[in-house]
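Good morning, colleagues. I should like to take you through one protein chain, beginning with a pair of charged side chains and ending with the chain as a whole.

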Amino acid sequence: MTAQDELRLLPWAGPDGKPCYLSTGDHGGYVSRLADHIEAFQLGMASQLLEHARQVLDDDTEDLDELHLLAGQLASALRDVLRVATSRGRRPVAPGHR
C-alpha cells in the first residue's frame with residue numbers, strides 16, 4: 001500500500017453489520033463517487049429528520065408509538081452521520097471536495 005492509498009470507511013455495513021473499507025488512492029473512482037453520493041444522501045436525510053423531530057417535540061405529542069418510531073429513526077441517522085464523520089476524519093480532503 002502506498003502513502004496515497006488510504007482505507008476509506010464506506011457509508012454502508014457488510015452482511016454481518018461489520019464496517020466496509022475501500023483501499024484506493026483514486027478519489028474519483030466509481031465506488032468512491034458512489035460512497036460520496038450515499039454520504040450526501042445520509043446527511044440530507046439526517047437534516048430532514050432533525051427538522052421533523054423538532055416539529056414533533058414542539059407539538060408536545062403524547063403518542064408513544066410516534067415517539068418510539070422517531071427515536072429509532074434518529075438513532076439510525078446518528079449511526080450514519082457518525083460513520084460519515086469517522087470516514088471523513090480518516091482521509092485527506094480530495095481536491096475539489098469539501
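**Charged pairs, core and hairpin**

Let me begin with R79 and D80, which form a salt bridge in which the closest N and O atoms are 3.1 Å apart. Please bear in mind that this is a predicted model. The two partners fall into separate accessibility classes: R79 counts as partly exposed because its relative accessibility is 45%, whereas D80, at 14%, counts as buried because the limit for that class is under 20%.

D80 has a further partner. It forms a salt bridge with R83 as well, and there the closest N and O atoms are 3.9 Å apart. The cut-off for a salt bridge is 4 Å, so this pair is counted because its distance is within that limit. D80 and R83 both belong to helix α2 and are three residues apart, about one turn of the helix. Are these two residues buried or exposed? Both D80 and R83 are buried.

Elsewhere, salt bridges with shared partners connect R8, D36, E39 and R88 into one network. Within it, I would draw your attention to R88 and E39, whose closest N and O atoms are 3.2 Å apart in their salt bridge. R88 lies in helix α2 and E39 in helix α1, so this pair ties together parts of the chain that are 49 residues apart in sequence. As to accessibility, R88 is partly exposed, with a relative accessible area of 40%, while E39 counts as buried at 1%. As a general remark, side chains of opposite charge can pair when their charged atoms come close. How many salt bridges does the rule give in total? The count comes to six.

I now turn from charged residues to nonpolar ones. The largest nonpolar core has six residues, namely A46, L49, A53, V56, L70 and A77. Two elements, α1 and α2, each give two or more residues to this core, with α2 spanning 64-90. Which of them supplies the largest share? That is α1, with four residues. A77 offers a view of the packing: apart from its neighbours within four places in sequence, A77 is in contact with A46 and L49.

Not every nonpolar residue of helix α1 is covered. L57 lies in that helix, and it counts as exposed because its relative accessibility is 55%, over the 50% limit. The C-alpha atoms of L57 and L67 are 8.7 Å apart in space, and the two residues are ten apart in sequence. Y30 is likewise found in helix α1, which covers residues 30-58. With a relative accessibility of 58%, Y30 too counts as exposed. Together with V31 and L34, Y30 forms a nonpolar patch on the surface, and the three have about 270 Å² of accessible area together.

Let us next consider the strands. Strand β1, residues 6-13, and strand β2, residues 19-24, run antiparallel and are joined by five bridges. Among the bridged residues, L9 has Y21 as its partner in β2, and E6 has T24 as its partner there. The two strands form a hairpin with five residues between them. In that turn, G17 has a positive phi of about 80°.

Finally, the chain as a whole. It contains two helices and two strands, and their pattern along the sequence is β-β-α-α. What percentage of the 98 residues counts as buried? The figure is 24%. The chain exposes about 7000 Å², of which carbon and sulfur atoms supply 58%. Among contacts with a separation of 6 or more, 51% are between residues 24 or more positions apart. The salt bridge between R88 and E39 is one example of a pair with a wide separation in sequence, at 49 residues.

To close, I would leave you with two views of the helices. In one, α1 and α2 share the largest nonpolar core; in the other, R88 of α2 and E39 of α1 tie together parts that are 49 residues apart in sequence. Thank you for your attention.

Terms used. Residues are numbered from 1 along each chain as its sequence is written. This is a predicted model: local features need pLDDT of at least 70, side-chain atom pairs count only at pLDDT 80 or more; totals for chains, interfaces and linings use all residues. Side-chain values use heavy atoms; hydrogens and water are left out. Buried means under 20% relative accessible area, exposed over 50%, partly exposed in between (1.4 Å probe, protein chains only). Contact means heavy atoms within 4.5 Å. Accessible areas come from the Shrake-Rupley method with a 1.4 Å probe; for residues, only the protein chains shown count as cover. Patches are made of residues with over 30% relative accessible area and no salt bridge: like charges are joined within 9 Å, nonpolar side chains (Val, Leu, Ile, Met, Phe, Trp, Tyr) within 5 Å. A salt bridge is a side-chain nitrogen of Lys or Arg within 4 Å of a carboxyl oxygen of Asp or Glu. Two strands pair if DSSP finds at least two bridges between them. A nonpolar core is a set of buried Ala, Val, Leu, Ile, Met, Phe, Trp, Tyr and Cys residues joined through side-chain atoms within 4.5 Å.
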